[in-house]
Amino acid sequence: MNSSVSLRAVIARRRLGLATAALLAVLAAVLALAPYVAVYRVAVELFTEGGDPDRIPVIALWTALAVAGRAALSGLSSHTAHVAAYRVLADLRLALAEKLRVIPLGRVQARSTGELKKLLHDDVEQLEEALAHGVPDLAAAIAVPVATTVLFFAIDWRLALVAVGALLILLVVSGAGMTMAQKSNAAMAGHLTTLNSAVSGYLDGLTVIRGFLRPDSGYDQARTAIVDGFEYQRRAQAGPTSWVVSVMLAGTGFAVAAMLPVAGIGAVHGWVPVPTLILMLVLCLGYLSPLMSLVGVLATLMIRLQFAAGSITAMLDEPALPEPEQPVRPATFDVRLRAVRFAYSGTAAALSGIDLDVPAGSSLALVGPTGAGKSTIARLIARLWDPDAGSVEIGGVDLREIGSAELARLVAYVQQDEYIFAATLAENIRVARPGATDAEVIAAGEAAQLGEVAAELGGWDTELPPGGGRLSGGQRQRISIARALVKDAPVVVLDEATASLDAETERHTLAALARLTAGRTVIAIAHRLDTVRGSDRIAVVDAGTVTAIGTHDELTRDSATYRTLWAAYTAADGWRLDPVETRAHATVPTPPPATEPDEWTRAARDVVTPGVAGMTFGKQWRTLYGRGWPELVRHGLIRLFLESLVRGVPLAAVFLVVSRAVDGELSTGFLWQVFALLTAGLVARLFLSRWANLYIWGLADRAKTDIMISIIERLRRVPMGFLGRVDRGRITTLITNDTLMLDFQNVPGQVAAACVQPLYAAVILAVLDWRLALAALIGIPIFLAITVWSDRIYHRVFADLHRARARASTVLLEQARGAAVLRGAADSAVAQRYREVVEQLRAASVAMSVRATPSTALGSIAVESGLVVLIVVGAALYRGGEVSAATLLLFLFLALALYQPIQELNALAGYRRNQEQIAARIAEVWDEPVLGEPDRPTTPADATLAFDAVSFGYGGAGARRGVLRGPAGSGRRGRASRPSRRWPRGCGMSSRAPSGSAEYRCRRWAATR
């Protein structure tokens, strides 16, 4: 794949699929007008002069075909859009992975794990809803008003102008709303920057905060930023925004309000035929509703693109590391740096005027104080970056004239913390040279002192987790050295290659490195100066320049900087703690008095519910909604109920006018009475919708605030080891982005509308005529059954999709974290498997669409089948004289109010997936057990520390016990972490001493429960 591909080009490749989905959505939207046309045709055939009741069965048949066709076309549109969207996502992931392979390695390594996860997974997933739902929904939302307008002009251009006038008014209001929303979004983006900074600062400093400072340090700033966001949202919603939204909701009745007096008066005076009056009014009922969908779709697209497209585009636009048109392979392997100058982006020069010569087969050590530029030189030799000026050469060939893959094979770069892949121990070594035999891999591992590690793990074929899991720093470094051994490269760069090794392991490893470097060109960086004392030459680097070059003896004589370094090293070598017979115990500071948690803290703790990821959609939504659920039931539902009641006023007004018109009793006075009723209803909806929205929005924002606080609050009490397993950048994204995507604002209204309007319509129907009510409601039980069936299907396929997504995320992240290793082994299985997992994720996503789409289409058909049955049964009863014209008309109009809200529940299908993804991320924090607190916390008398038969193991690993002394990987760091409670006693341990404890002299601290 071309590494210079753009986001626009990736989407353009699938434009045929997206265009087909949009076309199918338009056709489905046009067929969605069939119920309105059917009601009109039935009224004409039954109640107007010249009508033919015998045509009713034909109308019913065409309505049934239109209902089935709409469901089929809508399902095909959704599936086609999803297939195209999944291909776009797959192409984007492949393009991003390819881009990470060709940009300077330093640019890759400069990105945090959280940033990379967000880019490769979260941001790409954000585009799925914008493409799979936004494109067809946008086309459909535009198509319905356009098609209806064309029909209006075909019938009567004068009445069409009236409808278009109402459309323009609502467009102006919608435009004003979008403008206000953009301004609000811009202001909110500024607050999100502050929030992101506060949360990131809190998470980044959490280890220090909990280890050395008050436990609320940094937490208060993050919590304050979260609460400030809630207050900002509340103020913004209470302003003009709420009025604009309410006007738009009430404005869906503008077309009926404008058309009713004009067409009605025309019918009274005879220049508008009654059938035209009926058709115009019926079509006006659904004329402006798509505009609300249009605004919602545009808002979704704006948010998705704002949060996702920017970072993806920025990465795809990153300049690639220049590749030579005619690559040259050097014949010799001496290394030279000539007048090299380099500065990291936006910083002062890290290197200036560097000149170095390392003859082939010789060794050069780089020493100097921290920050002098030693590692920068090593990175330039490995071409993680290109110099800003000067040149770096191997065998007299500028590195920029050597192909990057070839250079990666020529240079073995042993870093301090090289990435460990999710593969076997043997494969993690073999990745440096895919053609290496098992014997060569094991020999390299044994030489790097990995034999005991392999035995402890269960063999060379033991699978390691991504990043190496609980491997110690020394064990990881030995894997890096083993890779260099098996790679057998002519140039070796060692950057603190033994920094994490204990003395014994270091001695054996240095012997292995001596065999590795024999006859090779070696550049080594070390702070333990005795490890490079025997180098052919030593270069002293200070403040970005080489101040001296020579042997150890020469530099000791001639370089003041080297003498200072050597003196500091020899003074620190072999340091120890001497026992003191008598000493005063350190005073333990008195902890601050405990304070009662405030409302936010109590709510944040109460909302935490382990296992939320595995709940059904409804239960999950209610759980995440937290303390607002009782208030929603007690106070919110009555608001939504009243607002839902007045939604039907335009429908009632049309029914009253049509029923009078077919009876020949329509009058101007009656029209104005109905118009007054309609106007009052629209005004009532304006105020009721604002009343309901302000309350529901407030509960929604508070619920999100509770979740965000619950996450940062819980992180104060989980084992610190948890932060070593999860990425902090991902948690920041969860708090500042994902939680905001939970739809607590619209779901209550959608559910209320789907329940309230059909409920009161069903009650009215049952009171008027049970036979017609049964006909109209016949499809509802089938719809509910299909919904339950669909939910079960969805959960089964989503589990498969979740596994595929998790694996793809892991493997793609490895392509970035392990880029330095993989660039020299592009044909290795580890380097190539990202293509396989991306395709598996795409296939799993398509499979979910294939299995979920038919149930959605069948549910749509089941709901609207009631209208078909009602037409047939109602016409038969009317012709038999068993029901009046007014009753049948009322049933037909109520049917329009009955089915549409239920159909809108299908819109929750797309959101459901989004919610489950967010809930899974929240569950990572909520499911983590917190550290236990003592029933009676006490203050230790002094700072004396003692371990008493403590046993502990990481994640099921064998328990360790003993003193804080031993080789790398023996558990020194784990034990040192216990007093600060980074892990709880018994967390994943196989305890051999139930009474074991980490104890301070005199009294037990909270660590021991």
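Helices here are DSSP runs of H or I with at least four residues, numbered from the N terminus. Helix α26 is one of these runs, and Asp 706 lies in it. The model is predicted.

**Overall content**

The protein has 36 helices and 12 strands. Of its 1009 residues, 54% are buried. Among contacts between residues at least 6 apart in sequence, 81% join residues at least 24 apart.

**Helix α26 and its partner α24**

Asp 706 has a relative accessibility of 2% and therefore counts as buried, the cut-off being under 20%. Leaving aside residues up to four places away in sequence, Asp 706 touches Trp 600, Ala 603, Ala 604, Val 607 and Arg 627.

Helix α26 spans residues 668–714, and its axis comes within 9 Å of the axis of helix α24 (residues 628–647), with a crossing at roughly 160°. That angle makes α24 roughly antiparallel to α26. The crossing of α24 past α26 is left-handed. On the α24 side, the residues in contact include Leu 632, His 635, Arg 639 and Leu 640. On the α26 side, they include Leu 688, Trp 691, Tyr 695 and Ile 696. By class, the residues of the contact of α24 with α26 comprise 11 nonpolar, five polar and six charged.

**Helices α2 and α4**

A second helix pair is formed by α2 and α4. Their axes cross at roughly 160° and come within 8 Å, and the two helices are therefore roughly antiparallel to each other. Here too α2 passes α4 in a left-handed crossing. Helix α2 contributes residues including Leu 18, Ala 21, Leu 24 and Leu 31, while those from α4 include Arg 70, Leu 73, Leu 76 and Ala 84. The residues of this contact divide into 12 nonpolar, six polar and one charged.

The axis values of the two pairs are tabulated below.

| Helix pair | Residues | Axes come within | Crossing angle |
|---|---|---|---|
| α2 and α4 | 15–31 and 56–102 | 8 Å | roughly 160° |
| α24 and α26 | 628–647 and 668–714 | 9 Å | roughly 160° |

**Strands**

Strands of a sheet pair through backbone hydrogen bonds, either parallel or antiparallel. Both senses occur in this model, as the following cases show.

An open sheet of four strands has the order β2-β1-β4-β5, with antiparallel pairing. Strands β2 (349–358) and β5 (397–398) are at the edges with a single partner strand each, so one side of each has no neighbour in the sheet. Strand β1 (residues 335–343) runs antiparallel to β2 and is joined to it by six bridges. Arg 336 stands opposite Asp 357 in β2.

Strand β3 (residues 363–367) pairs in the parallel sense with β8 (residues 521–525) over four bridges. Strand β3 also pairs in the parallel sense with β9 (residues 537–542), again over four bridges. Ala 365 has Ala 524 in β8 as its bridge partner, and Val 367 has Val 540 in β9.

Five of the five residues of β3 are buried. In a regular strand the side chains alternate between the two faces of the sheet. In β3, Ser 363, Ala 365 and Val 367 are on one side and Leu 364 and Leu 366 on the other, and both faces are covered.

**A residue in helix α16**

Ala 443 lies in helix α16 (residues 438–447). With 47% relative accessibility, Ala 443 counts as partly exposed. Its C-alpha is 9.0 Å from that of Leu 485, a residue 42 places away in sequence.

Technical notes. Residues are numbered from 1 along each chain as its sequence is written. This is a predicted model: local features need pLDDT of at least 70, side-chain atom pairs count only at pLDDT 80 or more; totals for chains, interfaces and linings use all residues. Side-chain values use heavy atoms; hydrogens and water are left out. Axes are lines fitted to C-alpha atoms, for helices over the stretch in contact, and angles run from 0 to 180 degrees between N-to-C directions. Angles under 35 degrees count as roughly parallel, over 145 as roughly antiparallel, 65 to 115 as roughly perpendicular and the rest as oblique. A crossing is left-handed if the near helix is turned anticlockwise from the far one by less than a right angle, and right-handed if clockwise. Contact means heavy atoms within 4.5 Å. Ala, Val, Leu, Ile, Met, Phe, Trp, Tyr, Cys and Pro count as nonpolar, Asp, Glu, Lys and Arg as charged, and the others, Gly among them, as polar. Two strands pair if DSSP finds at least two bridges between them. Buried means under 20% relative accessible area, exposed over 50%, partly exposed in between (1.4 Å probe, protein chains only).
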